[in-house]
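Trainee: Hi! I've just opened this one and could use a tour. Shall we go through it together?

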Amino acid sequence: MKLSDLKLRLQNKPAAVPLKDLGVGQGIGNVQEFLNDETMTITDPVVNLDQPPYSLSGTFTLSGTPLTAVLAFTAWDTGSGDEITQTTIALSPRAPETDLPLTMTIPYAADVTRRLNPSGTLRATGLTVTCDMTAQSNEAWYTIHTPKSDPLPAAEGSLRVRFPGEGDSPACELGYAALSPAFPPDTALPVAVAPAGLHETDIPLVLCALKPTAVTVAWGPAFSYTWLTVDGALTVLDHECAITCFFQQRQDSAGRPSGPWEIGGTLQPQGSDLQFTFDYTRENDTSAREVLTLSADTTADSDNDTPTVLLNSVRDIHDQPFMRGALSLDLATGVPLPSGLLPANLSLDNISLVYDLTGSRVSAVSATISCAPGPNLSFIPGINLESIRLSFLAGRDPAKGTWQYAGSLEADGTLGPIPQDHNTPEPPCFTASARFPDWQFTLRVSDPDDLADFDPSHLKDIQTFSTTGSAPNGKIRLRNLSAVYSPATGAYSLDLDLATTFTIGEGALKTSLKDIRLTLDKTTQESPTTTSLEASATLANIPTTVAASHTGQTWNIEGTVQPAASIGEFKTWLQQKFNCSLPILNDLGIDLVHLSYQTGPENSLAFTCLGQTQIFGHPATYSLDIAKASDWTIQGTLTVPADNPDKLPMVFTVDSTTGPQNRLTATWTEPTSITINDLIPQLPELPLIGTIALTQARLTYVAEHGYAIALDTHTGYTQESITYVSLTPAS
C-alpha cells in the first residue's frame, strides 16, 4: 500500500477505521484472525501522515474491552511514491495490571510455563504486532506474566513469535521468550536458579554466595538454548562487587541439555569505575583446575573523550581492583621503559587477569595504557607522535612460579607541521610499533598516496640531503617512507623511495639517478647524518644499478657494468671522465667491470676488471684492481691453464705497480707438476724437454712488444737451472 492511498482513505476523518483498510491483513496464524476481521476497527483515530514518523492512534475494542491502539508506519520511496513497507500495531489495556482479552491461544505459552513451572499459567498484558509488507509476514511481541504458583513467585516477561507469509512453513516459530520471577531478597542462588534446570553442583564455589536481586530466564529460537541472568552482590577476591552473572546451556531438538553450562558475566567493584567481564572455566570434568578470567575495557567512547581511569605512572596499574595480592608480579619493573618515553598522566584502556582458583593465585596479567607523548620526548625531527598505546603481558611459569614478561607499543602521528587552518592539506599519517625489550620503533606511512603532495623538506634530514645534489625544480618528492627509531639512544634510520630524479657529483662526473631508495642514518641525536642510496643510473651509456654514499662534500659511487657489447664506449668514457688510457686495456677482453669513484673536491677512480686474454697461445683469465689517485696502480691475478686439463693452472700474482702502466709484471711461485711442454707445447721436441718441471715463473708485459716469461726449472738431480723464453705479441 502506498502512503498516498492511505492518506486518501483517511482524508474525510472517519469515526472508525477497519484494521483491514490499513493494509495489515496478511500472513497466516492466529494474529491474522483479528487483523483480517472486518469488525475490528480503530475508533476516534488521531492521524499523522504528513511527515515522519507516520502514525495513527485510537481505541481498539477486543471482546468488548476497549484497548489503546498505536500504529506506526514506515514508508520507502520507490520512485513511484512512498510505499509502506512496515506497519507496527501496539495494543495495551487502558487499566493498569489488566490482561488482554485475547480470543486466541498465545503460541508456545504452554512450552514456556512447562519449562519454568509446570503448574503455572501464562497471560498477556500487551501485544505489539510488526507487519512486514515485503515478506508478507507478521511478528508478534507479547508482554506476559505468570501469577504466583508455588514454588515459583509471580513473573513478568515477553514472548516473540513470527508468523510467516502464505506458503511458508512452519506456521509460526518461537523467536525469543523470557520471564523474570520476583524472588524475595533473601533467596539463595541455588534456589533462584533451580527452576531453570541449573543444579547446585553446576554453580562454581566462587559464585555460591551471590545474593540475587533479579533473575531472568530466557529461551532462544526453537528453545535451542536456555539463558539465565542473575543480578546481585558478591565478594570476589576480597572485593565487594555488583555482579551480573550469565549461565547458558544449549539443548537438542527434544529439549534435553546438549552440553555443560557456560558461565560468565560482569563485575564492578564498589568505589571503582572499572567494570570487569569474567569467564569461568573448568579445565576438565574432574574439576582439577578452575580458572576465572577478568577483563576490563575502559576506552573512552565517542561521546566522551575523558578516559575512565587515569594513572600517574605505569606502577599505578597495581592499585586497580584485583591486582593486589598478585604475589611477585611487577609490570613496571618487569617491563622497564626507556626514560622519557611516557608522560606522567596515562589512561588505562584495558586490563585482564587470569586467576587460578584452584591454586589461589594469579597466573597471567595483561594491561594496555594510552597517552599523548610527553613534551620532552624527542623523536625524528619533523615527525610528530600524537598518541601512544603501551601493552604489557606477564605470565607465570607453572613449573618455576616465576614471572615472564612481554611488552609492545603502538603509536600514531603525522609528518611535517600540524595544519594551522582548513586551507592547509592534512599531513600524511603514520603508524609505529615497538617491542620489549629494545623498544625500537618501526614506522610506516599509512597511505603512501598521501606523500604525492607532501613537501619532504619539512623533515630536517631530507632538507639537508637535498643540498648534496639537485632535483627538478629544486623539489624532492617521495613515493614511500619508513623509519626505525630507538628511544634509548635517539638513533634512527629513514628509508625513502624518491619519486623524482636526483643528480649528484660535479663537472664531468655528474651522475643522474632515478628509482632512488635513500637511507638516512643517525647513531645519536647529535651525530651527523649518514647518507646512502641505491638507484638506477647510466654509466658509459650502459644502464646499471649503483650504490652511493655521501660523506662531507664527497659522493662515493659504486656500480657494475658489462661492457662487452660496447667496449669502445666504455674505454672512451674512462678517457673522458677520468683521463684513463691504460695501454694494457687494449690487449684485454673485458667482460665485467665493478666501478668505484668519488666526486667532490678530489675525484678518484677504482675499478675491478674481469675478462680474458691470450698468453702463450692459452686462453687466460684475469682479475685486475685498477685505481687512480695521484697516479695509476694495478694489482690482481692472471690465471694461465696448463695444456693438459688434468694439471692445475698457473695463477700469477700481478706485482703492485705505479706509473704510466705501459709495463706490467706478475709472478708465479707455487711449484706443481707443470712442465715446460705443458705450458708451451709449441717448443721443438728436444731431449729431456718434457721432464723439465717449473718451480717459478715471472711474466712481463710491455705494451710495444707483448709478453715475456722467465722460468726457473729443475730436472733430475739438477736443482737449479734457468731458461728464458721470449715471446712476441704474435706468438
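**A first look around**

Mentor: Happy to! Of the 731 residues in the protein, 43% are buried. Keep in mind that this is a predicted model.

Trainee: Okay, how many helices and strands does the secondary structure come to?

Mentor: Eight helices and 38 strands.

Trainee: And what about contacts between residues 24 or more positions apart?

Mentor: Counting the contacts with a separation of 6 or more, 49% are between residues 24 or more positions apart.

Trainee: What about the outside? How much area does the protein expose?

Mentor: About 36,300 Å², and 50% of that comes from carbon and sulfur atoms.

Trainee: Which residues form a negative surface patch?

Mentor: That patch is made by D447, D449, D450 and D453.

Trainee: Where is D447 found?

Mentor: D447 lies in the loop that runs between β22 (441–445) and α6 (460–466).

Trainee: Why does D447 count as partly exposed?

Mentor: Because its relative accessibility is 32%, and partly exposed covers the range between under 20%, which is buried, and over 50%, which is exposed.

Trainee: Switching topic: what should I know about the backbone?

Mentor: Some background helps: most peptide bonds are trans, and most residues other than glycine have a negative phi.

Trainee: So which residues does a cis peptide bond with omega about 15° join?

Mentor: F436 and P437. P437 sits in the loop between β21 (429–435) and β22. Another cis bond goes from P52 to P53, where omega is near -5°.

Trainee: Where is the place of P53?

Mentor: In the loop between β2 (41–48) and β3 (54–62).

Trainee: And phi? Which residue has a positive phi of about 55° although it is not a glycine?

Mentor: That's A540. You'll find A540 in the loop linking β27 (530–539) and β28 (542–551). D44 is also a residue other than glycine with a positive phi, near 50° in its case.

Trainee: Where is the place of D44?

Mentor: D44 belongs to strand β2.

Trainee: Is A540 buried or exposed?

Mentor: A540 is buried, because its relative accessible area is 4%.

Trainee: And D44, buried or exposed?

Mentor: D44 is exposed, because its relative accessible area is 57%.

Trainee: Great, let me try a recap. D44 has its positive phi in a residue that is exposed, while A540 has its positive phi in a residue that is buried.

Mentor: You've got it! And for the cis bonds, look for P52 to P53 and for F436 with P437.

Key:
Residues are numbered from 1 along each chain as its sequence is written. This is a predicted model: local features need pLDDT of at least 70, side-chain atom pairs count only at pLDDT 80 or more; totals for chains, interfaces and linings use all residues. Side-chain values use heavy atoms; hydrogens and water are left out. Helices (H or I, at least four residues) and strands (E, at least two) are DSSP runs, numbered from the N terminus. Buried means under 20% relative accessible area, exposed over 50%, partly exposed in between (1.4 Å probe, protein chains only). Contact means heavy atoms within 4.5 Å. Accessible areas come from the Shrake-Rupley method with a 1.4 Å probe; for residues, only the protein chains shown count as cover. Patches are made of residues with over 30% relative accessible area and no salt bridge: like charges are joined within 9 Å, nonpolar side chains (Val, Leu, Ile, Met, Phe, Trp, Tyr) within 5 Å. A salt bridge is a side-chain nitrogen of Lys or Arg within 4 Å of a carboxyl oxygen of Asp or Glu. Lys and Arg count as positive and Asp and Glu as negative; His and the chain ends are not counted. The place of a charge is taken as NZ of Lys, CZ of Arg, CG of Asp or CD of Glu.
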